[in-house]
Each structure stands twice: as C-alpha cells, then as structure tokens.
Amino acid sequence: MSKQVNWHERAAALSIDGRAYTNGQRLAAADGQVFAKTSPIDGRVIAQVARCQALDVDLAVASARAAFDDGRWSGKSPAARKKVLQKFADKILAAKDELALLECLDMGKPIAYALAVDVAATARTIAWYAEAVDKIYDEIAPTPANSLALITREAMGVIGVIVPWNYPMIMASWKLGPALAAGNSVVLKPSEKSPLTAMRLAELAIEAGLPPGVFNVVPGYGHEAGEALALHMDVDAIGFTGSTRTGRRMLDYAGRSNLKRVYNELGGKSAFVVFDDFADIERAAKTVAGSMFFNQGESCNAPSRVLVHESVADRFVEIVAAETAKYQPADPLAAGTVMGALVDDIQLRTVMGYIDAGKSEGARCVAGGRQVMTETGGYYVEPTVFDHTNMSMKIAREEIFGPVMSVLRFKTEDEALAVANGSAYGLQASVWSDNINRAHRVARKLRAGTVHVNQYDEDDITVPFGGYKQSGNGRDKSLHAFDKYTELKTTWIRIDG
Ligand code: NAD
C-alpha cells in the first residue's frame, strides 16, 4: 500500500452507485425503492442502495437463465473461460484501492487489511479457479468391452449466491470462482450490511469479457431479495454463507420450491486447545490473540473458545490479556490500524449484550469489555478476554461474532476433547502439544472441518473450507468446490463388435 494515500480524502471524493446489476447494466429496483447504507466507521450515510424484491430477482434469474441456455458462457471452452476470468482477476487487482476503500467504509475493517487480505484473496481465488478449469479431466468407467461409460461434469445452470457481511468479496469469490469457471450463470445477493463491492465486481467481470447476464447482483434484504432468490423455481443451486439460523431457512426454501441444491457454510465456535506439554506458551497465546481479534472478531473461524490446561492457564491468560494492547480499535482509514469498527449498531448491541452476560454469569473479564470511540459516531468495542468460563455460560456456547474470547480451563485430555466437541458447531479447531502422539490423537478426534496443529491461521485457496455439524455442509475452496456447481452425468455408448 502506498504510504502517501490519504484515505479520508479518497473517501470524501468517492461517488458510490448503489444500483443493482442485471444483464450487464446498472438498474434501479423495479419499484424504485432504496435503503440508506451507513458506514460503521462514523454512522454516516454513504450510499442509497437498490432495495431489490421478487420482481428484480425474477429479472436477474431470467437474464442468467437466458445466458446459460444460449451458451454464451456455458458453451465456451474451458480455456476460453480461463482467459476471461484471468482478466477479471487482473481487473480486481487494478481496482484494488477503490474496492478496498468500499469494503472498509461498508463494513468497518481496517483499510490495510482490506487491501492486503480482502482484495488480494478475491483476485487470487478467481485466478486460481480460472487456471484450474482447463486442467480437470473427466472419467471413463471400467465397463465391459461392448460399451463405453463416460462420467462427465456439466455446469448446473443458474446459481444463487447469498453471502454475509464479514468478508463480502472473499465470501462471494469462493462461490463465483468455481461456479463461473464451470460455466454457470450467477445471481449474487450480497448482505444488506455490506453490498457495495458486489456490484463493482460484476461490472469488472463484464469489462473483462464475461458476457452480460452471466453475473448479476441483486442487493437488498434477506427476507426480501434473499428469500425470493432461494425460493426461485429457476435457480438450480444456492451457495450460502451466513448464520446457522438462516442456513436452516435455506433448506426450508429448497423444500418448498424446486429442491434446489443447498450448500450451507455457517457459523462456528472454534476450540483452541493448549496442553501443558506445549513449551512455547507465548507463541500459542500470541497466535490466539491475533486470530481471535482479526477482522474485529467477525470471522466464522475465530478461535473464540480457548481451552487451556490449568497448570499453564495463568501465564497464558496473562500474555493474551497483555496482547490486547496491540489490537485496540482505531480509525479504519488510518494505515496502521489493525482493529476497526463492528459492522453496525445491531452487531454492537449484540456483542455488548454478550459481554454483559459474561459478567453476570460469573466469568472474569481480564481485558477490554467496553464500547469505545463513541465520539466518532461509529461502533467500536475493545478486544475482550473472559477467563474462568465454562460451557454453561452463553459466551462459551454461542457464536458472538465480535472481539470476545472465552478461556476455559481443563485438567485432562479427555475433558478437553469432551468440551471441544461439546458444541453444535464444528468449523475449525486447533491443538497445541509437543507430544506427537497426543497431537495426532487429538487432531483425529476433534470434530471439525479443519484442524490446526501448533498453529492457527494457515490458510490457502488450495484446501477445502467448511464445517461439520451445524457449521454446514459442502466445502468452499479447493478443487472440491467444483462438485457443488456441476452435475455428474453418465453417458453409456454401445460399441458393436
Ligand atoms: P445472516 O445469516 O444474517 O445473513 C447472511 C445472508 O443471508 C445475508 O445476505 C442476508 O441478507 C441473507 N438472509 C438473511 N435472512 C434471510 C432470509 N430470511 N432469507 C434469505 N436470505 C436471508 O448472517 P450474517 O450476519 O450476514 O453473517 C454472519 C454469519 O455468517 C456468522 O454466523 C458466521 O459464522 C457466518 N459465516 C460463515 C462462514 C463459513 O465459511 N462457514 C464464513 C463467513 C461467515
């Protein structure tokens, strides 16, 4: 990032188009309705955004269907799709300052991370699926000599993508990458809390050569545009990321409509388990603080349940509490900021409600716990650590989605495993031990889609991401994501001798 950039000046000069994007064009909602989008940085209105309803969703789905059926994208060779998507990734990088600024103003994350993480990961995801798509081969089954059975993957059709607000572009790209590379058309419904980058991504994709109609965006509320998309009879699959509560609705919508495929990527309450045979307690403590407070704690995989052996817990908690000094909230538009604003006043109240619950349920608040920077008009909360929590407390059981960590002390490995697995969620987990047998044993027994050993935040587009239990089904990222957006077809061919 250029040190000279004055992001406040750039923000003041920014003119934001909040209209939907359908069939290669910006469009107001059919009934002309908009909603005011405020910035969590200072509570000011930054855009009027189209409030799409069922009619707008119908139009977007019809555009997507027409594009799919006439083969303008689905009929192109994988190599041709690759070229366009590589160009799309290049355009994302070329527009990095604008996209990062929109993401920062829209959901409150620090500008430095919006640039280095959100924009970079979005471009890499699109480029990775572009590069992969002409290197995947189909199969021929080992059948008798008088026949040939081809097992091929075909694009599915129209994919509805519904995403949350915490990593708006990254979450969208995890679905756009494989869905578009495989030849599908997409209708994207961004969160009403962070809709702004979605429309720009669609514009950049079309500028890169994606045919109009292949990538459409319908901003709006979940119970309006989201529900209309998930209930639509002409949508073949929904790639959903969001809360477990809304994930349940997705399954219901599919049951009530056309039994469309539903791929849910849902909430988490990830366990971070530190044994007393792990020598470098300081590294473990610093890692958990960094991972927990990244993105204001608004990460599905935040290690929010920290299980520590009782013999090392005092020292561990002391280091974590001291580390919170590094993660104090500050102006998200300042280059050095590492903790920004919570996404809105609703999320602020939710997080403060959990902090109050922790205190009243008897947990010990050893760092943070307060709302700060109220003079800005924005929504900022200190990084907060509760010690002496247990699974009967709300803060240890429920996903908070804010900068609040719960430390639970344990005595034995069996107890640690029972507590770690004693959650409705199973997104990620981590085990810290210098005993190779214990590390492997515990890693195998942890019921989570990703288990880390002696580290936490290693991540890459090459590996699947998703959860066990109520953290969802399906997997984003890696080549496995193609499974979600393709149909498997068998074609039998008779060969006469
Ligand atoms: P949310 O469920 O409230 O909203 C997600 C999306 O669904 C939004 O676009 C919203 O408008 C839409 N929606 C809401 N109600 C709807 C309805 N009735 N019908 C149709 N659509 C509806 O979730 P959120 O608050 O935006 O995001 C936070 C959640 O997302 C957390 O639980 C977090 O763990 C989860 N998340 C999971 C992953 C993952 O990969 N597993 C990644 C990021 C976030």
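## Close-ups of the pockets and the ligand

**View 1. Elements around the second largest pocket.** Helix H5 (111–133), helix H6 (168–181) and strand E21 (450–453) each put at least two residues into the lining of the second largest pocket. H5 has the largest share of that lining, with six residues. Keep in mind that everything shown here comes from a predicted model.

**View 2. Inside the second largest pocket.** This pocket holds about 610 Å³ of space. Its lining runs to 31 residues, and the ones nearest the centre are Val-117, Trp-174, Asp-457, Asp-459 and Lys-477. Sort the lining by class and you get 17 nonpolar, eight polar and six charged residues.

**View 3. The largest pocket, home of the ligand.** The ligand takes up the space of the largest pocket. There is about 1,100 Å³ of space in this pocket. A total of 41 residues line the largest pocket, with Trp-165, Gly-242, Ser-243, Arg-245 and Thr-246 closest to its centre. Two or more lining residues come from each of H8, E10, H9 and helix H12 (345–360). H9 gives the most to this lining, at six residues. As for chemistry, the lining of the largest pocket splits into 17 nonpolar, 15 polar and nine charged residues.

**View 4. The shell around the ligand.** Now for the residues right around the ligand: there are 31 of them, and Lys-189, Glu-192, Ser-243, Thr-246 and Glu-399 are the closest. Helix H8 (222–231), strand E10 (237–241) and helix H9 (244–256) each bring at least two residues to this shell. Which element gives the most to the shell around the ligand? That's H9, with five residues. By class, the shell is made up of 14 nonpolar, 10 polar and seven charged residues.

**View 5. Polar side chains at the ligand's oxygen atoms.** Three side chains are worth zooming in on here. A polar side-chain atom of Lys-189 sits 2.7 Å from an oxygen atom of the ligand. Lys-189 is also listed with the closest residues of the shell. Thr-246 likewise has a polar side-chain atom 2.7 Å from a ligand oxygen. Thr-246 turns up among the residues closest to the centre of the largest pocket, too. For Trp-165, an N or O atom of the side chain is 3.0 Å from an oxygen atom of the ligand. How much of the ligand's accessible area does the protein cover? On its own the ligand has 850 Å² of accessible area, and the protein covers 92% of that.

Methods:
Residues are numbered from 1 along each chain as its sequence is written. This is a predicted model: local features need pLDDT of at least 70, side-chain atom pairs count only at pLDDT 80 or more; totals for chains, interfaces and linings use all residues. Side-chain values use heavy atoms; hydrogens and water are left out. A residue is near a molecule or strand if one of its heavy atoms lies within 4 Å of it. A polar contact is a pair of N or O atoms within 3.5 Å; within protein, one must be able to donate a hydrogen and the other to accept it, and residues adjacent in sequence count only if both atoms are side-chain atoms. Accessible areas come from the Shrake-Rupley method with a 1.4 Å probe; for residues, only the protein chains shown count as cover. On a 1 Å grid over the protein atoms alone, a cavity is a set of points where a 1.4 Å probe fits but cannot get out, and a pocket is an open set with protein on both sides within 12 Å along at least five of seven lines; lining residues have an atom within 4 Å of a point. A molecule sits in a cavity or pocket if more than half of its atoms lie within 2 Å of its grid points. Helices (H or I, at least four residues) and strands (E, at least two) are DSSP runs, numbered from the N terminus. Ala, Val, Leu, Ile, Met, Phe, Trp, Tyr, Cys and Pro count as nonpolar, Asp, Glu, Lys and Arg as charged, and the others, Gly among them, as polar. Grid points are joined across faces, edges and corners, and a volume is the space filled by probe spheres set on the points.
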